[in-house]
Amino acid sequence: MGRTKDAIAEGLSIATAAARLAVRNRILVETIARGGHFDQAVFAAFARDTLHALADEQDQAADRVTQQRKRAWGRFSDSSGTHDYRDRDTRNLRRRARQSRGVAKELRDFADDPFRVEQLVAGARVAAWGDVEANLSKRLDVEGMTEDADPDYATMRRARMDALRMVDLARLASQAKKRAKAQATADVDGPTASKGDTKKSSAP
């Protein structure tokens with residue numbers, strides 16, 4: 001029985017980590033990518049839905065294993081593959097089904113506990129901020145890199161200058177040409193419109 005409990009505890013730990021990752025990703029998408037606000041209640045509801053979905057997956061896994069055990073019952077021939085079970089595998093299959101049911105139950109108990117859900121969301125929020133902080137730190141390291149601190153500074157500086165020359169300066173030149181052309185057109189149209197207005201005003 002101890003072996004089953006250990007397996008359930010391990011399965012719960014893995015599933016909880018998956019739920020925390022899902023919540024973390026949701027926080028990043030909603031608050032960073034979409035510019036929303038962190039709402040504890042909204043993310044707690046998402047966490048509960050995620051935990052229930054993972055519990056359903058465990059129940060489905062238990063159903064599959066139970067069907068495999070039933071098909072394996074009374075079969076004593078040699079197995080033709082990894083999932084081609086025989087009667088000798090039924091005990092192990094029964095234990096696996098029991099473990100999956102146990103994980104499903106623990107996940108549903110977790111989802112029904114407001115405090116544990118709150119803690120999961122809090123952990124996911126910290127993880128999300130850690131990702132943001134790491135990315136900002138990395139960007140600042142790159143932006144603030146000096147020749148003394150970066151052994152590849154000279155090579156990267158050359159690459160940046162090439163990019164500036166080939167892309168940014170070319171774009172600026174194109175924009176300048178467009179502005180000059182637009183200004184020239186305005187200069188041509190302006191005097192013509194004035195002459196037309198003069199003729200109209202001098203008419204009897």
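These are my notebook entries on a predicted model of one protein chain.

**Entry 1: ground rules**

I number residues from 1 along each chain as its sequence is written, and I use heavy atoms for side-chain values, leaving out hydrogens and water. As the model is predicted, I require pLDDT of at least 70 for local features and 80 or more for side-chain atom pairs, while totals for chains, interfaces and linings use all residues.

**Entry 2: the fold**

I looked up the secondary structure, taking helices (H or I, at least four residues) and strands (E, at least two) as DSSP runs numbered from the N terminus. The protein chain has five helices and zero strands, and along the sequence I read the pattern α-α-α-α-α. For burial I call a residue buried under 20% relative accessible area, exposed over 50% and partly exposed in between, with a 1.4 Å probe and protein chains only. Of the 204 residues of the protein chain, 25% count as buried.

**Entry 3: the nonpolar core**

Which residues have the most contacts inside the largest nonpolar core? I define such a core as a set of buried Ala, Val, Leu, Ile, Met, Phe, Trp, Tyr and Cys residues joined through side-chain atoms within 4.5 Å. The largest one has 24 residues, and V23, L51, L107, V117, L120 and V121 have the most contacts inside it. Helices α1, α2 (40–72), α3 and α4 (114–143) each supply at least two residues of this core, and α1 gives the most, with seven residues. I note for background that nonpolar side chains tend to be buried together in soluble globular proteins.

I then checked two pairs by their C-alpha distances. A44, which lies in helix α2, is buried because its relative accessible area is 11%; from A44 to V23 I find 8.7 Å in space, C-alpha to C-alpha, with their positions 21 residues apart in sequence. L21 has its place in helix α1 and is partly exposed, since its relative accessible area is 43%. L21 and R125 are 104 residues apart in sequence, yet their C-alpha atoms are 10.0 Å apart in space.

**Entry 4: salt bridges**

I count a salt bridge where a side-chain nitrogen of Lys or Arg is within 4 Å of a carboxyl oxygen of Asp or Glu, and by this rule I arrive at six salt bridges.

In one of them R108 pairs with D56, with 2.7 Å between the closest N and O atoms. This pair links distant parts of the chain, as R108 is in helix α3 and D56 in helix α2, 52 residues apart. R108 counts as partly exposed because its relative accessibility is 24%, and D56 is likewise partly exposed at 38%.

In another, the side chains of D63 and R101 meet at 2.4 Å, N to O. D63 lies in helix α2 and R101 in helix α3, so this salt bridge ties together parts that are 38 residues apart in sequence. I find D63 partly exposed, with a relative accessible area of 38%, and R101 partly exposed as well, at 36%.

I also looked at D109 and K105, whose closest N and O atoms are 3.0 Å apart in a salt bridge. Both residues lie in helix α3, four residues apart, about one turn of the helix. D109 is partly exposed at a relative accessible area of 34%, whereas K105 counts as exposed at 52% relative accessibility. Salt bridges that share partners join D56, D59, D63, R101 and R108 into one network.

**Entry 5: a positive patch**

Where on the chain do positive charges gather in a surface patch? I built patches from residues with over 30% relative accessible area and no salt bridge, joining like charges within 9 Å and nonpolar side chains (Val, Leu, Ile, Met, Phe, Trp, Tyr) within 5 Å. The areas come from the Shrake-Rupley method with a 1.4 Å probe. Lys and Arg count as positive, and His and the chain ends are not counted; I place each charge at NZ of Lys, CZ of Arg, CG of Asp or CD of Glu.

The positive patch on the surface gathers R3, R91, R94 and R98. Helix α3 (residues 90–111) gives the largest share, three residues. R3 has its place in helix α1 (residues 2–33), and R3 counts as exposed because its relative accessibility is 59%.
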